[in-house]
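Biologist: Could you pick one part of this model and walk me through it closely? I'd like the pocket lining spelled out, plus a look at what's around it.

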Amino acid sequence: MAIGQLTNQIILMFLLMGVGLLTNKLGFMHGQTATDLTNILLYIVSPCLIVNAFEQRFSTSRLQSLGLVLLGILLTYGLMVLITNLAFKRVADPNLQRIMRFGAVYSNAGFMGVPLASALFGNTGVFFAVASLAAFNIFCWTYGIALFTPRKQGTPINWRQILLNPNIVAIVVGLAIFVSGVHLPNLLNHTITYVSSINTPLSMIVIGNSLAAVKFNRQAFNSRLWWPLLCRNLLFPIIDIVILRAFGISGIPLYTTVLMAACPVAGNVVLFTLKAHGDTSPAVTLMSISTIFSVATIPVVFALCNL
């Protein structure tokens, strides 16, 4: 894939973020509005996009590739968790340590990665992107949330919360449609397609709105945040490339998975910090700077992917 095509798409997405920033500055989008739009994206638009991606002819080789991609992603997550545990364990401030460990591991794959995959590779890109979404939800809602809400020994993981995540439900429904060869009625299929089409602009507008409230200054930025920033935007996507190449993955499955891995810090780092009643300033700053830097780091990662 041409780097120029990717760069143009990223610039387009940042222009859409600019629209979100503008709506905030003009007072058109308030806190409740942003929350409502986020819920619409998570519970309606994103699941429709996933189901729509599985509306294609069944292929055994494609299903095998999806399983192989998922295995590579799970291995990558395991390594990322191990590296961050070792690298940041000496950070004395527990709030900052949690933010650094979570921010380094989890990317904004849902809000930024899926729109990019859809724009560049169409339904085939979204098809392979679901492996990243599945792994993200499994790790984020087990290990990730445990960083901010340590469970008492013997307390079981809330698997119901994980399995009933709308993206996981959409993946299960989509896989059933793909494997069975059943096609949705035309009217329902068109409805899902229309809803799916708003995913990219709406996601970018919501992200741009969240960036509008950030104030960049020396007091807001802790110098130690450079390390999780480096891990999230460059180091971990490169590790992902090495693992996927070792698994023999290439083409759109490789490009899509690396694209999802190269996305900036996930917005959940702010939400989970709020849940833990911690200081959100480092989380907001890390997420915002990572997002801004991604306009340069994503093409760099792809250049390495093409070597």
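Modeller: Here's the largest pocket, followed by a residue on one of the helices. This is a predicted model, so to speak: local features need pLDDT of at least 70, side-chain atom pairs count only at pLDDT 80 or more, and totals for chains, interfaces and linings use all residues. Numbering runs from 1 along each chain as its sequence is written, and side-chain values use heavy atoms, with hydrogens and water left out.

The largest pocket has a volume of about 1,200 Å³. A pocket here is an open set of points on a 1 Å grid where a 1.4 Å probe fits, with protein on both sides within 12 Å along at least five of seven lines; lining residues have an atom within 4 Å of a point. There are 42 of them, and closest to the centre sit Thr-38, Phe-111, Gly-267, Asn-268 and Leu-271. Helices (DSSP runs of H or I, at least four residues) that each give at least two lining residues are α2 (31-53), α5 (109-148), α7 (166-180), α9 (199-212), α12 (268-275) and α13 (281-305). With nine residues, α2 has the largest share. By type, the lining splits into 22 nonpolar, 20 polar and no charged residues; Gly counts as polar in that tally.

Now for Asn-24, which sits in helix α1 (residues 3-25). Asn-24 counts as partly exposed because its relative accessibility is 24%, between buried (under 20%) and exposed (over 50%), using a 1.4 Å probe and protein chains only. Beyond neighbours within four places in sequence, Asn-24 is in contact (heavy atoms within 4.5 Å) with Met-29, Asn-209 and Ala-212. Phe-121 is 97 residues from Asn-24 along the chain, and their C-alpha atoms are 31 Å apart.

Notes: Grid points are joined across faces, edges and corners, and a volume is the space filled by probe spheres set on the points.
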